[in-house]
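Got your viewer open? Let's take a walk around the aromatic rings, one selection after another.

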Amino acid sequence: MALLEIRNVNAGYGKGPDILKGLSLEVEAGTSYCIIGPNGAGKSTLLKVISGLLPPRSGEVVFRDVPFNGARPDQVLASGICFVPQDQAVFPEMSVKENLTIGAYLEKDRSVIKERMERVFDLFPILAERASQDGGTMSGGQQQMLALGRALMIDPAVMMLDEPSLGLAPQIAQQIFSTIRELEALGITIVMVEQNAVRGLELADWGVVLDLGIVRFEGPADTILDDPRIRELYLGKAVGSGGTT
Amino acid sequence: MTEILQVTIFGLLLGGVYALFASGLTLAFGVMRIVNLAHAVFIVAAAYATFFAFEELGIDPLVSIIWLVPLFFILGVGLYMTFFVRIEGSPRYVEMTVLLTFGIAIMIEGLLGWRFTGIYRQTQPSYLTDAYFWGDYIVPAGQLYAALLSLILLIALWLFLRFTRVGYGIRATMQNRDAAQLVGVNVRRVSAISFGISTAFAGAGGAFMSYLFPFFPFRHWQWIALLLALVVLGGMGSLKGAVAGALILGVASSLVVDQIGAGWGPMAFYAALFGILLVRPQGLFGKEAVA
């Protein structure tokens, strides 16, 4: 049984057309996924639907055999799925430590919060160094680390990352990717949307190609990387630019 | 010199009460993006409640704060859940809040006018005319109590926002509503609580208004203009800004009244607002882009 199932979901914004058009996808525990596809394919929309930010127009999201029927984002989070959006979204006027503390907003046991914070500080020593600095004054890469650290504070089963390397210098992006690898090692199921498809697929176990609101192909990430058709249709640009953002 | 300092003392006392009035308004905008044109009418309504509690039951205005705060908190939460939840997520949400609160303001004003008529009222507690003397300086007792209690309420709010779980949720929602949802803050609940706090502050403010500033139902329009000016000056949604703006404009208008003439007070107030906004369009503590 899949950990997370997206069944026949249609979704869109406001009165606009459907962005997701009957999309179905199964996510297995302990596997990492990289979702690729052209702009407008519905990658970010899919993550927003799963996280509860965008209620689907039809279809359902099922987690551990329980359907989320219009669950709010805080309820989705409480069940163990967290979402790190594209813009990193740290709280600019809160210190690093406060940003992390609020990451565990749903956890009431202070000793658990403390343990988790230590784990985050182990993973990201830079956050420990800057614990009292305001989130808004950190560099893009540090804010991304803070966003990842904050997501870890909830101790999630599934972590969804929307373009974690967006706007970061290649070297910093590399650092973020190796951190994501460490998160996988912690047993967290990663579902990632990545513009830098080659990098993302190298990192992930399973590749999912989205196009026009449905899953066009899926398979082991390395076979997707090697598939000449997919390379031509969806990876052409990324391969051409040598995998830099 | 003595005179300037004396006037500054008056200005600070005035500014302390303004700060209480304005902080509730800025909280509603900061957390819920509600431009609450009814904030001042809540204060006036609370002033009426204080006035009649004093006249009929002999309850001191400052004591009335004890029941006004919980009462207005409950009213605020009720109003939020009844009206504002319906317009959540509307594409013109902020504009809708302006219309909605405008309507609420007119309705409450009408009810107050119908029930209590349009005559001026002022509670007359014994300390209204008392004063403390500090060297050469006069500190009016009623204003001092109001400013000190306002300060205590503002500090309590600050501690609440800083150190409680709900407080964290409120601050997170003010800084980034989407991210707050993503860390598990139930923004609707937090919004209802914040609106309750905002109206609770209006309730406490009404106790002070009842004896410091003579009132009648229509008066609230004058107040809301002044309070919006304070909030815009401080930066929409910034609590620090509202407090700083209130103190600055309180002192500035007192100085102008003293040095130039009473008629110039309100004008100086808005002139200072224009001046500051020319230099800092986002207000003293505002963020560059408030969506």
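Is Phe195(B) buried or exposed? Select Phe195(B) and show its surroundings: with a relative accessible area of 1%, it is buried. Keep in mind that you're looking at a predicted model.

Now add Phe84(B), which is buried too, at 0% relative accessibility. The two ring centres sit 5.1 Å apart with the planes at 50 degrees; that angle is neither under 30 nor over 60, so Phe84(B) and Phe195(B) make a tilted pair. Color the helices to see what this contact joins: Phe84(B) belongs to helix α3 (residues 61-87) of chain B and Phe195(B) to helix α8 (residues 187-212) of chain B, with the two positions 111 residues apart.

Next, select Tyr132(B) and Tyr145(B). Here the centres are 6.3 Å apart and the planes meet at 70 degrees, so this pair is edge-to-face. It connects strand β1 (residues 131-134) of chain B, home of Tyr132(B), to helix α5 (residues 141-163) of chain B, home of Tyr145(B), and the partners are 13 residues apart. Turn on the surface: Tyr132(B) is partly exposed at 40% relative accessibility, and Tyr145(B) is also partly exposed, at 24%.

For a group rather than a pair, pick Tyr48(B), Phe51(B), Phe52(B), Phe116(B) and Phe215(B), which form one aromatic cluster.

Last stop: arginines over rings. Select Arg165(B) and Tyr105(A), and you'll find the arginine of chain B over the face of the chain A tyrosine, 4.2 Å from the ring centre. Then jump to Arg171(B), which lies over the face of Tyr168(B) at 5.1 Å from the ring centre.

Want to keep exploring? Over all chains, the structure holds 21 aromatic pairs.

Notes
Residues are numbered from 1 along each chain as its sequence is written. Chains are lettered from A and ligands numbered from 1 in the order in which they are written. This is a predicted model: local features need pLDDT of at least 70, side-chain atom pairs count only at pLDDT 80 or more; totals for chains, interfaces and linings use all residues. Side-chain values use heavy atoms; hydrogens and water are left out. Rings of Phe, Tyr and Trp (its six-membered ring) pair if their centres lie within 6.5 Å; planes under 30 degrees apart count as stacked, over 60 as edge-to-face and the rest as tilted. Helices (H or I, at least four residues) and strands (E, at least two) are DSSP runs, numbered from the N terminus. Buried means under 20% relative accessible area, exposed over 50%, partly exposed in between (1.4 Å probe, protein chains only). A charge sits over a ring if NZ of Lys or CZ of Arg is within 6 Å of the ring centre and within 35 degrees of the ring normal.
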